[in-house]
Protein chains: 2
Amino acid sequence: MSTSSVTAFAPASVGNVAVGFDILGHALSGIGDRVRVTFSPESGVRIRPIEGLPVDLPLEPENNTAGRAVLDLLEQLGITAGLELTIDKGIPLASGLGGSAASAVAAVVASNALLDLNLSAHELYPFALAGEAIASGSAHGDNIAPQLLGGLVLVAGEDLISLPVPEGLTAVAVHPHCQVATAQARQKLREPFPLDVITAQSTNLARVLAGCYQNDIGLLAQGLNDHMIEPRRATLIPGFVDVKQAALNAGALGAAISGAGPTVCAWFDGDERTQFAANAMQQAFQQAGLDSDVVISAVNCTAAHIEQVD
Amino acid sequence: MSTSSVTAFAPASVGNVAVGFDILGHALSGIGDRVRVTFSPESGVRIRPIEGLPVDLPLEPENNTAGRAVLDLLEQLGITAGLELTIDKGIPLASGLGGSAASAVAAVVASNALLDLNLSAHELYPFALAGEAIASGSAHGDNIAPQLLGGLVLVAGEDLISLPVPEGLTAVAVHPHCQVATAQARQKLREPFPLDVITAQSTNLARVLAGCYQNDIGLLAQGLNDHMIEPRRATLIPGFVDVKQAALNAGALGAAISGAGPTVCAWFDGDERTQFAANAMQQAFQQAGLDSDVVISAVNCTAAHIEQVD
């Protein structure tokens, strides 16, 4: 009996990683979107009502990140199959955890298996990226790439470069129950930046990269400090300054806005202090009037993958 | 008989390396400054008339890069010796080849040996940096660091990180006979930069770093393209566009302004085409009315060192 449906899981992710605006991201285990792709007698792509978290997402495939990604895959490869997508949202919308990217990634990973295409993660990347661009208004791969490849990834144009991750590097991502619209967060970045700020940020990006390649946690920690984006966006996140300080007080190597926020991510050498830090960060959000969820994950965690074949 | 004088050589260097403004630099063999440091019965630092290239440099030690560096070393370490410096300039002033840095580096390297201090290159760095700041008006170590350590160096605050250099990487530095004042070149950078330009530059910096660590010449070549500084400064260098194009036509991985210019540096995979490229770059400068000199050097070349002990 041939396969009639495939379900794939794509993890959440942390975009920017403090100092790699639009070019650095890492995956997060334990939270993600699932997409089930089923053959359908009618050609083209259809999207069933969204499952999982209550979200208001477009169901027209060309306006939906998962739908757009699969449409692109079918069109580019000249495939005329009929596919039905069932999206099970595990990542809240506009959370800064790469939710729109994850739906697109899970959809192309499942379609790749169902259609027996044997495309690599690198080959799937442009399709997922085209899907994500629908939601964010621009094509930037710092969520798509780590979701497809796992771990920490540098996006250099079309090159996706998996970075070596120091053993034990752990992320604590705290998602407050408020939303930051990506478009609003991007507007904060319209005014240009002075050279001294850019140089400080470039230095930190270089520290993060060299810290990874040289397995130097001290250098990495020095680099995990956002001089450029955070001063513009921090005010969009109630309690940000206190949440960041709570993470640093708990021994974080650094802490920063994940993607466009409002999630705040802190990084730790090992996992001994992560639960304590998560509690302290949640308390700080609580004092700003916000409930929150926590994800604690190895930075070097697994990529999107097939969960079920029927 | 005890040592009465030490002569050290410091190589020229290429600052910025296209995309690492103020934080990346590499040394150049075959051209540099020499400083002879001699014990003198009078305490303090004195500077003898400059030798070598005809230059108009201050001889008061506190206003001279070499003098200031040695004064700093003596003051910080509480040493009361009397020292006389003889500076032999091999690097033209305001050439973009790190001339002011090289005098400071050679002076501290020679003083370190003469005073038998056994300081490491990293320990000598802040003294040389203080000297160079006199000339350039700001303390940036992208010339000092590679001159002290050799090869390609990332300057991350007080950390000097020697980067692995792909074997055979060769620099062709062409110095046209005109001057660009560092202060004037810096003024071009006063206006802030838009985010898309910064992101393009950061991506290229990341490519250069990853290309070095992964020994990937293709990635390195993609990175050696300055989106940020060159568009502002190119007009300060007559013929720049044609010189760069001549280098690329000759097979350069990339070409960019060295430091604040006017020297243009191009990088090559191996040395087969370097002489041809140098000729083409010189011809392009000639068409802009400028004579020029050429230095061809391995990027991974040697550091400042002692040449003579008397």
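These legends go with a few close-up views of a predicted model. Local features are kept only at pLDDT of at least 70 and side-chain atom pairs only at pLDDT 80 or more, while totals for chains, interfaces and linings use all residues. Residues are numbered from 1 along each chain as its sequence is written, chains are lettered from A and ligands numbered from 1 in the order in which they are written, and side-chain values use heavy atoms, with hydrogens and water left out.

**View 1. Helix H10 of chain A, residues 274–287.** Helices here are DSSP runs (H or I, at least four residues) and strands likewise (E, at least two), numbered from the N terminus. With 14 residues at 1.5 Å each, H10(A) should span 20 Å, and its end C-alpha atoms are indeed 20 Å apart, so the two agree. That expected span is 1.5 Å times one less than the number of residues. Just after the helix comes Gly289(A), with a positive phi near 90 degrees.

**View 2. The two sides of H10(A).** Which residues of H10(A) are buried? They are Thr274(A), Ala277(A), Ala278(A), Ala280(A), Met281(A), Ala284(A) and Phe285(A). These cover an arc of only 165 degrees around the axis, which puts them on the same side of H10(A); the arc is taken from the directions from the helix axis to the C-beta atoms. Over on the other side, Phe276(A), Gln283(A) and Gln287(A) are exposed. (Buried is under 20% relative accessible area, exposed is over 50%, and partly exposed is in between, with a 1.4 Å probe and protein chains only.) The buried residues pack against strand E8 (169–176), helix H9 (240–249), strand E10 (264–269) and strand E11 (292–298) of chain A.

**View 3. Thr274(B), in helix H10 of chain B.** Thr274(B) counts as buried because its relative accessibility is 3%. A polar atom of its side chain lies 2.9 Å from the backbone oxygen of Asp271(B). Leaving aside residues up to four places away in sequence, Thr274(B) touches Thr170(B), Val172(B), Phe268(B) and Ile296(B); a contact means heavy atoms within 4.5 Å.

**View 4. The one aromatic pair over all chains.** Tyr213(A) and Tyr213(B) are stacked, at 4.7 Å centre to centre with 5 degrees between the planes. The pair crosses between chains, from helix H6 (residues 195–213) of chain A to helix H6 (residues 195–213) of chain B. Both tyrosines are buried. (Rings of Phe, Tyr and Trp, the last by its six-membered ring, pair if their centres lie within 6.5 Å; planes under 30 degrees apart count as stacked, over 60 as edge-to-face and the rest as tilted.)

Note on methods: A polar contact is a pair of N or O atoms within 3.5 Å; within protein, one must be able to donate a hydrogen and the other to accept it, and residues adjacent in sequence count only if both atoms are side-chain atoms.
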